[in-house]
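Colleague: Please take a close look at a single part of this model for me, the ligand site. I would also like to see where it sits among the rest of the chain.

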Amino acid sequence: MNSSPVKIGLLGLGTVGAGTVNVLARNQDEIQRRAGRAIQCAKACVQDVSKPRGCDLSAVQLTTNVHDILDDPEIGVVVELIGGEATAREWVLRAIRNKKHVVTANKALIAKHGQEIFSEANKAGVMVAFEAAVAGGIPIIKTLREGLAGNRVSRVTGIINGTCNFILTEMREKGRDFTDVLQEAQQLGYAEADPTFDIEGVDAAHKLTILAAIAFGMPLLFDSVYTEGVSTVTAEDVANAESLGYRIKHLGIASQTEKGVELRVHPALVPKQRLLASVEGVMNAVEIQADAVGEALFYGPGAGADPTASAVVADIVDVVRQLTADPENRVPHLAFQPDNLNHPAIVPMEEIETAYYVYCLVSDQPGVLADITAIFAAHKISISAIEQHHAAGVQSQVPLMLLTKTTKESNLQGALKEMADLESVKGKVKRIRVELEH
Ligand code: HSE
């Protein structure tokens, strides 16, 4: 049995890269006992070798030339932590063609180019591991791919962007300003290099794409995910949700329905008594509904140096353990055998069915509520709660909020359009979906 250390090369040494070096060093004995071989972080490719990194690099050779790693026959595992798509794809494919195993935390890469990468990896007989791409430190890929392999999964509902959850929590608990909290999330290393990916839901859509593929045995369909972020959620929405008995969470939902698979990412009001509503700050949670296990919830930190490094290092250990296994006997990248994927219909957003919170400003005059409720009735939408608040003093406009029962999205769109045309309705009519029990 080979007892020499396995040499790894890091591409990128930012928050997660430094965390990975630290975790590998701190836990090296435990890691070696688990992997069966020592793991040596031999090289790291960076843009600026003089930049402080927050980790001990005395045993790591820094280079600005990626080929020092990709073309070094001594490097057995390449750990891609640069993020982004084009360069990461090019480097990962080169590593694979050079017969190196790859560990990556790059959700954009897997969600958009996973099929190509896995196919190349299968041809080259190497592994590509990506646990850190989804839900930070929660081992949700392994759980879905292996722990729940006996189930038919019907629904995955997740809080899968730590930055969004951190922002919504700080807004609710401390009344903090959105931009101010986002800046803190960036300083804490939670946010993406381009934080619009977080707040506009793109990061969560990447992760949902991966979860859905693994849960349902379908291809990675990033372009089919309906994506809405949290940038339009106001402090008032957060407070209104609270007063109605809900918390606003940014959710990724992948659901098998009679019409096909729903893939959607958007803010939603979650009833306070539901466990997902209690997931606060940078924590993530993924709720799985499946026929055998029933309902299971996985909770843990969704971003940050050490939690993400926890997943990266677990993947490195997994790769090292399987170095001598026949490629055919490895767990398939997307849980199902690649020639055995389903190609389900994706349900268009107009066809999904859910409940809604609706908010707008209305003139404070007789008949306004009657007009609005008549519109909802005409669109076959049942209202479950309605509140009109009066601020102190003389007001010509007052806030109105209502909750609907479950209805088709197209029915709601029709009602909101008619509502916005009413003279008594002022400004934009806002809606946020409500995630009831399933
Ligand atoms: N920006 C991501 C988040 C990092 O906030 O969840 C972890 O993928």
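Modeller: The ligand site comes first, then the domains and the sheet.

This is a predicted model, in which local features need pLDDT of at least 70 and side-chain atom pairs count only at pLDDT 80 or more, while totals for chains, interfaces and linings use all residues. Residues are numbered from 1 along each chain as its sequence is written, and side-chain values use heavy atoms, with hydrogens and water left out.

Around the ligand (a heavy atom within 4 Å of it) are residues including Lys 107, Asn 161, Thr 163, Tyr 190, Asp 198 and Gly 302. Polar contacts are pairs of N or O atoms within 3.5 Å. One oxygen atom of the ligand lies 2.7 Å from a backbone N or O atom of Gly 162. The side chain of Glu 192 has an N or O atom 2.6 Å from a nitrogen atom of the ligand, and a polar side-chain atom of Lys 207 is 2.8 Å from an oxygen atom of the ligand. Taken alone, the ligand exposes 250 Å², of which the protein buries 94%; these areas come from the Shrake-Rupley method with a 1.4 Å probe.

An automatic or database assignment sets the domain bounds: domain 1 covers 6-136 + 306-340, domain 2 covers 142-301 and domain 3 covers 351-434. The C-alpha centres of domain 1 and domain 2 are 26 Å apart. In contact there (heavy atoms within 4.5 Å) are 23 residues of domain 1 and 22 residues of domain 2.

Now the sheet. Strands are DSSP runs of E, at least two residues, numbered from the N terminus, and two of them pair if DSSP finds at least two bridges between them. Six strands, in the order S3-S2-S1-S4-S5-S6, form an open sheet with parallel pairing. Its edge strands, S3 (61-63) and S6 (128-129), each pair on one side only.

How values were computed. Helices (H or I, at least four residues) and strands (E, at least two) are DSSP runs, numbered from the N terminus. A polar contact is a pair of N or O atoms within 3.5 Å; within protein, one must be able to donate a hydrogen and the other to accept it, and residues adjacent in sequence count only if both atoms are side-chain atoms.
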